Amino acid sequence: MSVPGHPLDRMFNPKTVAIIGDKGPNYMWLRNNQPFKDRGGNLYSVQIDEKEIPGIEELGVENFRALTDIPEPVDYALVAVPRHVSPYVMKDLIEAKVGGAAFFTSGFAETGEELGVSLQAQLTEMAREANFNVVGPNCMGLYLPRVGVRFNPDVPVADDGRVGFVSQSGTHSIMFSLVMGANGMHLSRCASFGNAIVLDISDYLEYLTEDPETDVIAMYVEGVKDGPRFVQALRAATARKPVVVWKGGQTDAGARATMSHTGSLASPHAVWQGIMRQCGAISTNSLDETVDAVKVLLDAKPSTGKRMALMAMTGGQSVSITDAFVGQGFEVGRLSEGSYEELSSFFNIIGGSFQNPLDMAGTVQGKRETLERILGILDADESVDALVMEQSAMFGARQWKDHPERVEDLVDTLASHIERSAKPFLMVMHPAHEEAFVAEVRLKFAERRIPVFASFERAAAAAARALPQGTRS
């Protein structure tokens, strides 16, 4: 699917991709984009170094010595040449009427060197005169999971992406893509745009706002060149979709670091936060906070209030989960008398409690029908706006390894509850000593769109940020 008529649409929906200047022995960019070729796209190389061409052809990729020799119109190009060669490549890109190009090449204005500043100014002037779409320079470029365009060999190729991500940092783009995938969530489109000499964050934001494949927009921003335009684009975006904004350079030292990273001037933190509030964006401060907020937006229903029913497996955990959610401004009050009356008819209070929070391990003990009954009581309680359940890996991992069907049973129980209920549901599963095993188990929940968090604190913080804007239908 595309956004017909948008100036970025060709490069975000490419049929032909050219890699310019890739080198062995690894041929990183050609290998990254083999899935594009495997999925039916036209993948070509442009390389004039004779010693590199045999290695390119061994990959099954046709090489051309000139961009203009490629027989099809090129929709997207990735440029990996030395910086002093980049103006010559820009001339060819413009002549060939390429849809857009990302310059992996760095060493421009971010260095502060006279040559780097001069070369960047030259590229900018050439591109602006030709109205040519430049991603970068000093960036990783585009990641388009559905068609197989990638900036890293480990990021997923997937058809079900719903999150658009825009980032001034290449590393953050890759990390966000990988961590999202590890949590069972995929991206629709991603742009790492570095120095942003032509296309800035507002251009990508405007496209993702219109993009029918993108339900949630997230971004990592260090600085904005055109403030009024960004505010306008952000307001337009949040009116249609949730937008999560991770701001880099919030401290004085961090702001200095953004200058050497992408040549960006960071806004004062208080000013930035005011803009986020006025525009209705969700602010985050780290990769984990961003992933967690997106998880709530994708897989939790919107909340109508702050009254939480909390379900823990032990007494100590019931205290900790309460502290975490109350600390984020939620209410953990008494349930209705009708709920207490029904719970008292079957709840095991030896080593347990059916107050809110519930201490329920001794009652549930792997019994699906009992858990279903508790979920039903809490869901029907008019004093409850949302439910959060802890599942302890410390106790559960051993049982799940011996009886994997119990994991499937729990997943089915929770997924069925979520499907029936109009209230948001979150799950907390601390990995304890079983990090690798729990990572696998977590994916089983993610496949059924059950949002799982690694700690009470992360779940509570994500809920505070994103529950009011949940998108799940």
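Proline 137 sits in the loop between β6 (134-135) and β7 (141-143), and it is a good place to start looking around this predicted model. The peptide bond that joins glycine 136 to proline 137 is cis, with omega at about 0°. If you set that loop against the domain assignment, domain 1 covers 9-135 and domain 2 covers 145-299.

Now follow the chain to a second cis peptide bond, the one between asparagine 356 and proline 357, where omega is about 20°. Proline 357 is again a loop residue, in the stretch between α14 (337-344) and β14 (358-359). For orientation, domain 3 runs over 308-469.

Two other loop residues deserve a visit for their backbone angles. Lysine 97 is not a glycine, yet its phi is positive, near 55°. You will find lysine 97 in the loop between α5 (86-95) and β5 (101-103). Is lysine 97 buried or exposed? Its relative accessible area is 63%, and the cut-off for exposed is over 50%, so lysine 97 counts as exposed.

Alanine 432 also has a positive phi, about 50°, without being a glycine. The loop that holds alanine 432 lies between β16 (425-428) and α19 (435-447). Here the relative accessibility is 38%; because partly exposed covers the range between under 20% (buried) and over 50% (exposed), alanine 432 is partly exposed.

Let's step back to the whole protein. Its secondary structure amounts to 20 helices and 17 strands, and the chain is divided into domain 1, domain 2 and domain 3. The centres of domain 1 and domain 3, taken over C-alpha atoms, are 50 Å apart. Along the principal axes, the C-alpha trace spans about 80 × 50 × 40 Å.

How does the radius of gyration fit a compact globule of 473 residues? Such a globule would have a value near 23 Å, and the protein has 25 Å, so the two agree. Buried residues make up 57% of the 473. Looking at contacts between residues at least 6 apart in sequence, 75% of them join residues at least 24 apart.

Finally, turn to the surface and the charges. The accessible surface comes to about 19500 Å², and carbon and sulfur atoms account for 52% of that area. The protein carries 44 positive and 60 negative side chains. The centres of these two sets of charges lie 2 Å apart.

Notes: Residues are numbered from 1 along each chain as its sequence is written. This is a predicted model: local features need pLDDT of at least 70, side-chain atom pairs count only at pLDDT 80 or more; totals for chains, interfaces and linings use all residues. Side-chain values use heavy atoms; hydrogens and water are left out. Domain bounds come from an automatic or database domain assignment. Helices (H or I, at least four residues) and strands (E, at least two) are DSSP runs, numbered from the N terminus. Buried means under 20% relative accessible area, exposed over 50%, partly exposed in between (1.4 Å probe, protein chains only). The radius of gyration is taken over C-alpha atoms; the globule rule is 2.2 Å times the number of residues to the power 0.38. Contact means heavy atoms within 4.5 Å. Accessible areas come from the Shrake-Rupley method with a 1.4 Å probe; for residues, only the protein chains shown count as cover. Lys and Arg count as positive and Asp and Glu as negative; His and the chain ends are not counted. The place of a charge is taken as NZ of Lys, CZ of Arg, CG of Asp or CD of Glu.
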